[in-house]
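Hi there,

As promised, I am passing the structure on to you, with my notes on its empty spaces and its helix packing below. I hope they are handy when you open the file.

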Amino acid sequence: LRSYVTFSQNRKKNIIMLIEAFSEAFGLILSADADLYEILWLSIQVSLTALLISIALGLPIGTTLAIANFPGKTICITVINSLMGMPPVVVGLLVYLALSRSGPFGVFGLLYTPTAMVIAQVLLITPIIAALTYQVMEDLHKEYRDLFFSLSIPLDKAVAAYLWDARYSLITAVLAGFGRAISEVGAVMIVGGNIDHLTRVMTTAIALETSKGELSVALGLGIVLLVLALVVNGLVTTVRTRARHYGYA
């Protein structure tokens, strides 16, 4: 009986602490806490920059793999698919070694900067966008292959045409890349160092604040991260729905 009473009291205390933490978290969000929104803004900057670079690289790579025939194509596809599952900490370690003072790019002093975090995220999400693009374009190529071959369309123009025609279908690939970028913690922790007011983003801040027991700040960042993901998904769903309604996808 005594053990049950102790358990009930501890559970009640935990529930009260959780409610207080959520209350403080919403308070930080609604009061426009400067530190919280500084972390949010840096997270968006780093993730969007990495996403744009990865789009510029991944979409053409995936489309080229789908429509072009060249020696080693199967190997390239296998490598791209394998890189989709590369552990983030491994990517972070490789970037760290490359950017450290003893590394080949150490002279640029990029380690523990937002630029290093962007590089790590680009290496992580480019294979995802490229692989998903390949899957979309492979199906599309079956429809247009004979037409493009008969017209002798150059590869660069064919890639541009495929990308334009499948632009709404590729939103899923872009969304997957953004989701991986905004939620990344392992690689950016290694190359960014989680330095306050310099390289601290939402995921690394959540990990730090949780380890310190500052649940209100961690929950506040977690709520903002969740809302951001919901907003992005909502916008993407709206765009795709309107595209289907008007016959573009």
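Which helices each supply at least two residues of the lining of the largest cavity? They are α2 (34-67), α7 (171-182) and α9 (202-212). Please keep in mind throughout that this is a predicted model.

**The cavity**

Let me stay with that cavity for a moment. When the whole structure is searched, one cavity of 30 Å³ or more turns up, and its volume is about 50 Å³. The lining is made up of Ser43, Val46, Ser47, Gln121, Ala181, Ile182, Glu184, Val201, Met202 and Thr203. Of the helices, α2 has the largest share, with three residues of the lining. In terms of chemistry, five of the lining residues are nonpolar, four are polar and one is charged.

**The pocket**

The largest pocket holds about 340 Å³ of space. It is lined by 17 residues, and the ones closest to its centre are Ile67, Asn69, His141, Arg145 and Tyr162. Here the helices that each supply at least two lining residues are α2, α5 and α6 (155-165). The biggest contributor is α5, which gives seven residues to the lining. Sorted by class, the pocket lining has ten nonpolar residues, three polar ones and four charged ones. If you would like to set up a calculation on either space, the residue names above should help you find your way around.

**Helix packing around α5**

Two packed helices are described by the angle between their axes and the distance between the axes. I have notes on three such pairs, and α5 takes part in each of them.

Let us start with α3 (residues 73-83) and α5 (residues 114-150). Their axes come within 8 Å and cross at roughly 125°, so the two helices are oblique to each other. The crossing of α3 and α5 is left-handed. On the α3 side, Ile77, Ile80, Asn81 and Leu83 meet Pro127, Ala130, Ala131 and Tyr134 of α5. That contact consists of seven nonpolar residues and one polar residue, with no charged ones.

Next comes α4 (residues 88-99), which packs on α5 at an angle of about 135°, with the axes 10 Å apart. The pair α4 and α5 is therefore oblique as well, and α4 passes α5 in a right-handed crossing. From α4, the contact uses Pro88, Val91, Val95 and Leu99, and from α5 it uses Ala116, Ile119, Ala120, Leu123 and Leu124. What classes do the residues of the contact of α4 with α5 belong to? Nine are nonpolar, with no polar and no charged residues.

The third pair is α5 and α6, whose axes come within 11 Å and cross at roughly 130°. These helices, too, are therefore oblique to each other, and α5 passes α6 in a right-handed crossing. Met137, Leu140, His141, Tyr144, Arg145 and Phe148 of α5 make the contact with Ala158, Ala161, Tyr162, Leu163 and Asp165 of α6. By class, this contact has eight nonpolar residues, one polar and two charged.

One link between the sections may catch your eye. His141, Arg145 and Tyr162 are among the residues closest to the centre of the largest pocket, and His141 and Arg145 of α5 and Tyr162 of α6 also take part in the contact of those two helices.

Do write back with any questions once you have had a look.

Best wishes

How values were computed:
Residues are numbered from 1 along each chain as its sequence is written. This is a predicted model: local features need pLDDT of at least 70, side-chain atom pairs count only at pLDDT 80 or more; totals for chains, interfaces and linings use all residues. Side-chain values use heavy atoms; hydrogens and water are left out. On a 1 Å grid over the protein atoms alone, a cavity is a set of points where a 1.4 Å probe fits but cannot get out, and a pocket is an open set with protein on both sides within 12 Å along at least five of seven lines; lining residues have an atom within 4 Å of a point. Grid points are joined across faces, edges and corners, and a volume is the space filled by probe spheres set on the points. Helices (H or I, at least four residues) and strands (E, at least two) are DSSP runs, numbered from the N terminus. Ala, Val, Leu, Ile, Met, Phe, Trp, Tyr, Cys and Pro count as nonpolar, Asp, Glu, Lys and Arg as charged, and the others, Gly among them, as polar. Axes are lines fitted to C-alpha atoms, for helices over the stretch in contact, and angles run from 0 to 180 degrees between N-to-C directions. Angles under 35 degrees count as roughly parallel, over 145 as roughly antiparallel, 65 to 115 as roughly perpendicular and the rest as oblique. A crossing is left-handed if the near helix is turned anticlockwise from the far one by less than a right angle, and right-handed if clockwise. Contact means heavy atoms within 4.5 Å.
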